[in-house]
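Please look through the model below, and keep it at hand while reading the report that follows.

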Amino acid sequence: MTFVSVAQATRSLGIDAKTLHRWLADAQLPLPCHPHDGRKKGLSEEHLQALARLHQRRLASSEEEGPAQLLCQIPALPADLLSLPEQLAAMQAQLVTLQQQVTDLTRLLQQHRPEPAIPLAPTKPTSTAKSPAKPTRSRPAATAFAKTPPKPVHVIPRVEYGEEEHYVVICPKRGLLPFEPDTQEWFAWVAEQDSFRFVGRSGYFTAHHEWRVPKGAWRAHRQIRNHSYTLRLAPNQELTMAVLEQAAEALQAHLT
């Protein structure tokens, strides 16, 4: 399967990202993650062809756009660059002349070099002469203590009310999950989580799973002005978007 990114798909169809998401939702086509990078979203070549046929769009080919872009990117050469070969030739001729002048000057200096002076007999050093001081050993520099690497930041899943007026579930490892909230897949996913971040219409908080409570109850926690607020939520099978929005609104009221 050929993976086509969202940016490539929008360029091929000639639309923006919001229109692409709406077309995929109308056609009930998923937006899977990249097989090697869960943060990237895209669609298959077959789904791209299906959207083009459904909305009567002609896919733009990279071969058609390539030559035109290359022609636009090649600028005209200025006159200074065209005259560079002549300037290099003149500089090379000057360099040859300078080398000949240096050779002639060196030969003249060798002809008029003075004779070396006869060295005097070495004298014995007097007893009062001080012996040279012994070089002092430099102290080894203090070894720098190796800094311990910082602990990795723990990123938890995120349930967020998006720009397209619906909730999305984002996993740190797998990216955007393919199911909708308040479904059987949602309740099954909730039962396996320890915590997640909820960002709703009127507030936000961190939800924690209380495993010791029967049926796996949840609680909402938020830090506001150096004060911790906690609310009881619901068990796994009753943890709907309405329950989460009600808790977010109740915690947000503490700011007023």
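## The largest pocket

Ala, Val, Leu, Ile, Met, Phe, Trp, Tyr, Cys and Pro count here as nonpolar, Asp, Glu, Lys and Arg as charged, and the others, Gly among them, as polar. With these classes in mind, the lining of the largest pocket in this predicted model can be divided into 16 nonpolar, three polar and six charged residues.

The volume of this largest pocket is about 750 Å³, and 25 residues line it, with His21, Leu31, His166, Val168 and Leu176 lying nearest its centre. Two elements, helix α2 (17-26) and strand β4 (167-171), are those that give two or more residues to the lining.

## The nonpolar cores

The largest nonpolar core holds 23 residues, and the members that touch the most others in it are Trp186, Trp189, Phe196, Phe198, Phe205, Leu233 and Leu244. Two or more residues of this core come from each of β4, α7 (184-191), β6 (195-199), β7 (204-210), β8 (217-224) and α8 (241-252), and the largest share, five residues, is given by α8. Apart from this core lies another one, made of 13 residues, including Ala9, Leu20, Leu24 and Leu31.

Leu233 shows what such a member of the largest core can touch: once its neighbours within four places in sequence are left aside, Leu233 is in contact with Phe205, Ala207, Trp218, Arg219, Ala220, Leu239, Val243, Leu244 and Ala247.

## Ser12 in helix α1

Ser12 belongs to helix α1, which covers residues 6-13. Is Ser12 buried or exposed? Its relative accessible area is 17%, and because buried means under 20%, Ser12 counts as buried.

The side chain of Ser12 reaches the backbone oxygen of Gln8 at a distance of 2.9 Å. When residues up to four places away in sequence are not counted, Ser12 touches Leu48, Arg58, Leu59 and Ala60.

## Two residues with positive phi

Which residue in the loop between β5 (175-176) and α7 deserves a look? The residue is Asp182, which has its place in that loop and has a positive phi of about 65 degrees, although Asp182 is not a glycine. With a relative accessibility of 38%, Asp182 counts as partly exposed, because this value lies between the limits of 20% and 50%.

Arg225 is not a glycine either, and has a positive phi of about 55 degrees; its place is in the loop between β8 and β9 (227-232). The relative accessibility of Arg225 is 64%, so Arg225 counts as exposed, given that exposed means over 50%.

Key
Residues are numbered from 1 along each chain as its sequence is written. This is a predicted model: local features need pLDDT of at least 70, side-chain atom pairs count only at pLDDT 80 or more; totals for chains, interfaces and linings use all residues. Side-chain values use heavy atoms; hydrogens and water are left out. Helices (H or I, at least four residues) and strands (E, at least two) are DSSP runs, numbered from the N terminus. Buried means under 20% relative accessible area, exposed over 50%, partly exposed in between (1.4 Å probe, protein chains only). A polar contact is a pair of N or O atoms within 3.5 Å; within protein, one must be able to donate a hydrogen and the other to accept it, and residues adjacent in sequence count only if both atoms are side-chain atoms. Contact means heavy atoms within 4.5 Å. On a 1 Å grid over the protein atoms alone, a cavity is a set of points where a 1.4 Å probe fits but cannot get out, and a pocket is an open set with protein on both sides within 12 Å along at least five of seven lines; lining residues have an atom within 4 Å of a point. Grid points are joined across faces, edges and corners, and a volume is the space filled by probe spheres set on the points. A nonpolar core is a set of buried Ala, Val, Leu, Ile, Met, Phe, Trp, Tyr and Cys residues joined through side-chain atoms within 4.5 Å.
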